[in-house]
Amino acid sequence: MSQTIVTTDTKLPPRPDILGGHTLSMLVNNQPGVLMRICQVFARRAYNLDSVVVSKGRDPQFSRLTLGISGDPAGLDQIIKQCTKLIDVIHCYEHQEAHSVTKELTLIKILCAPTERAEILQVLEHFNAKTVDLTETSMVAMVSGDSDKVDAAVQLLSKFEIIETVRTGKVVMARGDTAT
Amino acid sequence: MDGAQAIITTLDKLGIEYIFGYSGGAALPIFDALETVDSNIKFILSRHEQGACHMADGYARATGKPAAVLVTSGPGAGNTITGIMTAQMDSIPMLIITGQQVTWMLGKDAFQEADTFGITIPVVKHNVLVRETNALPKAIKEAYHIATTGRPGPVLIDVPKNVSQDPFTGDLDPEIDLPGYKPEISFTIDSASVDAAAELISHAKRPLILAGHGAMIAGAEAELMQLATTLNCPVTNTLLGKGVFPEAHDLALGMLGMHGTAYANKAVCECDLLINVGSRFDDRIIGQADKFCSGAKIIHIDIDPSEIGKMIRTDVAIIGDAKVALTQLNEKIAPLETTDWLATLDGYKKKFPLGYRKQGGLRMQQVLDEIYQLTGGDAVVTTDVGQHQMWAAQFYKTAAPFDWISSGGAGTMGFGFPAAIGAQFGRPGKTVIAVVGDGGYQMTLCELATAALHKLPVKILVLNNHYLGMVRQWQELFFDNRESGVDLEGNPDFVKLAEAYGVKGFNIKRPADVGKILQKALDYNDGPCVINVECIKTENVFPMIPAGATLEEMLIEPPKHKMAKPVGST
């Protein structure tokens, strides 16, 4: 690989502590500024947002928000109460992995010569991943599933020249008839 | 009708009696509507937007009803921040209406444009930027509802000039729609929590009630009295809880905390059950959190679930309105045998009374003691922040709810005088005394014009030691007496300054004159008066619990040894 590629990723990012992290799900009013209010609750208390997924709810009056957060677990109860207290937050729940479905999607851009394709595709097949873009010199793979699986796929593909990864962040849904 | 007229009409319908504010370009249509709409609202022009907020705050604390604040965009809104924060920290209902640039200029650095919505998010209970003229009545009704229910607080409504100027064609009485806000649940108390509290109470030998601002906001003074007298239980109160339980009552211990009475703090240390009614366990009450009340069970009654367990572990939490909670609790309790406990506390009252030296110059404590004696506690007292505030809290025993107005959580200097103006508007027949220091008074004394114009008989008691006394006290105790940034050299002659505003002035320089001149000031009701009291500089407030220390480490008198710098809180 003699080309100079500008990359926005470090080669092997430190493994994010998502496993030990917490996932919060909120139903909020679909209005400008709501995310600002919520982010301030976290920033003030030194919580880092590992991932934020916001989308319009089925009822467009509301939005769904899934937050992956890390920080002192002792303060989490307080964070949930402070978020619940916001007028624009309908509810805020923490979801444990055992009782919820948590998924994310990742796009991985790999610099590869045609000779490397076969091996990469083999790896992707194992993870039920797909190629969504293919050129003479590069490939974009799409991996979805729980965060562990995505981590493992990225890890395995790291022997090739990954130049960018973009992760959606976790979305969560409570199992059974529990509200998310 | 235009949007601005819809705003004033809606505020009038909601029963808003006063709007305090300051005009400006982006608020022009709303100010015009004050003239064109036939309403019962009275507009009071302050001399600074911060003053307007504190006036609305003082009005709300003195009456229990919210007032509105009306200012322009940019700097007008910016100047309200301290006032809004003060209200938010102490759970005071307030509606703030800010003018804003026209909608199509937002985000383009237009003249006097500021992101008021963004700036104020951390200091309000809620805020909203209204982008449609027809949405104004709903936004204001919702703001009023949010400000005045549940745990009260300030709500800001940002109104772009075109939104207030455009024709209004909507519904003037729309339904409010707040799916994420359900304050009515605070009137439904989990009976299991009440049962658990009653069970803890039945086993208590040394119970103590901690009465906070929440009890006052809920109007629970009768239920609190019933609880205390039924249980024969002593009562201490927070700074903001002053008056919810009469401080001259036999069971009253006065204020606890950093500068609370020694006997209140000793009661906290030795009780075996603490019943907290509507206090948020502020850091100036609890000292070192993990050692607070370590030997006692704790019952915490609070309307705000996020206060439970925030600072202090609780054994039983009752979430809801204090009046409803105490009503239910009172049905389930029986008298306790507390004779020995009360005798112990009486011993502390005799051993560690509040006091001050009467020789060696004029002390603030004497002035506050005498004003208490002269009024018999029948006055509304507002304070600023600092030494005078703590001495006022100690020596002025508040008798009734809404008679004590002080910036607790925010500790806002400059609060006391404008708050007194608001209080006097709200309670015109009442003696209102603003106890201020020479530092804080100078931050908002431009409101002398407002007070003079309306001939408000506010007594402005300037306890003048030519120093920022509380900071100087900390420098003396913890920073080797290195005075830095505390000498208020250059103070004006406060009496002459008052006279320049057409305000009556009194000077007190000798201890022997205090009672006589205070009486003259109390009898002067033709307008405001300023009583400048020249006090000694070197006096310190005791008792004192250094920040973050345990209540057991309370200093009842000046320490003999050099103290370590406090590391907990401020």
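Which side chains meet in a salt bridge at 2.9 Å, N to O? The legends below start with that pair, and every view comes from a predicted model.

**Figure 1. A salt bridge inside chain A.** Here the side chains of A:Arg167 and A:Glu104 come together, with 2.9 Å from N to O. Side chains of opposite charge can pair when their charged atoms come close. In this case the partners come from distant parts of the chain, 63 residues apart. A:Arg167 belongs to strand β8 (residues 161-167) of chain A, while A:Glu104 belongs to strand β5 (residues 100-111) of chain A. If you went hunting through all the chains, you'd find 30 salt bridges in the structure.

**Figure 2. The two domains of chain A.** Chain A splits into domain 1 (22-100) and domain 2 (101-174), and their C-alpha centres are 28 Å apart. Where they touch, 11 residues of domain 1 of chain A and nine residues of domain 2 of chain A take part in the contact. About 780 Å² is buried between these two domains, with carbon and sulfur atoms giving 61% of that area. On the domain 1 side, look for A:Thr23, A:Val53 and A:Ser100, which lose the most area to domain 2 of chain A. Those three together make up 49% of what the domain 1 side buries. How many salt bridges are counted between domain 1 of chain A and domain 2 of chain A? Zero.

**Figure 3. A loop residue with a positive phi.** Zoom in on A:Asn128, in the loop between α3 (117-126) and β6 (130-134) of chain A. Most residues other than glycine have a negative phi, and most peptide bonds are trans. A:Asn128 isn't a glycine, yet has a positive phi of about 55°.

**Figure 4. Where chain A meets chain B.** This view has 17 residues of chain A in contact with 20 residues of chain B. Between them, the two chains bury about 1400 Å², and 57% of this is on carbon and sulfur atoms. On the chain A side, keep an eye on A:Arg37, A:Lys81 and A:Ile87: they supply 45% of the area that chain A buries against chain B, more than any other three residues. One salt bridge is counted between the two chains. To spot a salt bridge across this boundary, find the side chains of A:Lys85 and B:Asp304, which meet at 2.6 Å, N to O.

**Figure 5. The second largest pocket.** This pocket has a volume of about 810 Å³. Its lining is made of 35 residues, and the ones nearest its centre are A:Gln31, A:Pro32, B:Val128, B:Leu129 and B:Val130. Chain A adds α1 (34-44) to the elements that give two or more residues to the lining, and chain B adds α6 (116-120), β5 (126-129), α7 (136-148) and β6 (154-160). Which element gives the most to the lining of this pocket? That's α7(B), with five residues. As for chemistry, the lining residues sort into 17 nonpolar, nine polar and nine charged.

**Figure 6. Domains 2 and 3 of chain B.** Chain B has domain 1 (3-181), domain 2 (185-351) and domain 3 (364-542), and this close-up is about the second and third. The C-alpha centres of domain 2 of chain B and domain 3 of chain B are separated by 30 Å. In the contact, 17 residues of domain 2 of chain B face 21 residues of domain 3 of chain B. The area buried between these domains is about 1400 Å², and carbon and sulfur atoms give 65% of this. In domain 2 of chain B, the residues that lose the most area to domain 3 of chain B are B:Leu239, B:Lys242 and B:His259, together 43% of what that side buries. Don't look for a salt bridge between domain 2 of chain B and domain 3 of chain B: the count is zero.

**Figure 7. The second largest cavity.** The count gives two cavities of 30 Å³ or more, and the second largest cavity holds about 40 Å³ of space. Among the residues lining this cavity are B:Gly257, B:Met258, B:Asp283, B:Arg284, B:Pro546 and B:Leu551. The lining divides into seven nonpolar, three polar and two charged residues.

**Figure 8. A cis peptide bond in chain B.** Between B:Phe542 and B:Pro543 the peptide bond is cis, and its omega is near -5°. You'll find B:Pro543 in the segment after β18 (529-534) of chain B.

Notes: Residues are numbered from 1 along each chain as its sequence is written. Chains are lettered from A and ligands numbered from 1 in the order in which they are written. This is a predicted model: local features need pLDDT of at least 70, side-chain atom pairs count only at pLDDT 80 or more; totals for chains, interfaces and linings use all residues. Side-chain values use heavy atoms; hydrogens and water are left out. On a 1 Å grid over the protein atoms alone, a cavity is a set of points where a 1.4 Å probe fits but cannot get out, and a pocket is an open set with protein on both sides within 12 Å along at least five of seven lines; lining residues have an atom within 4 Å of a point. Grid points are joined across faces, edges and corners, and a volume is the space filled by probe spheres set on the points. Helices (H or I, at least four residues) and strands (E, at least two) are DSSP runs, numbered from the N terminus. Ala, Val, Leu, Ile, Met, Phe, Trp, Tyr, Cys and Pro count as nonpolar, Asp, Glu, Lys and Arg as charged, and the others, Gly among them, as polar. Domain bounds come from an automatic or database domain assignment. Contact means heavy atoms within 4.5 Å. Buried area is the accessible area (1.4 Å probe) that two parts lose on being put together, summed over both. A salt bridge is a side-chain nitrogen of Lys or Arg within 4 Å of a carboxyl oxygen of Asp or Glu.
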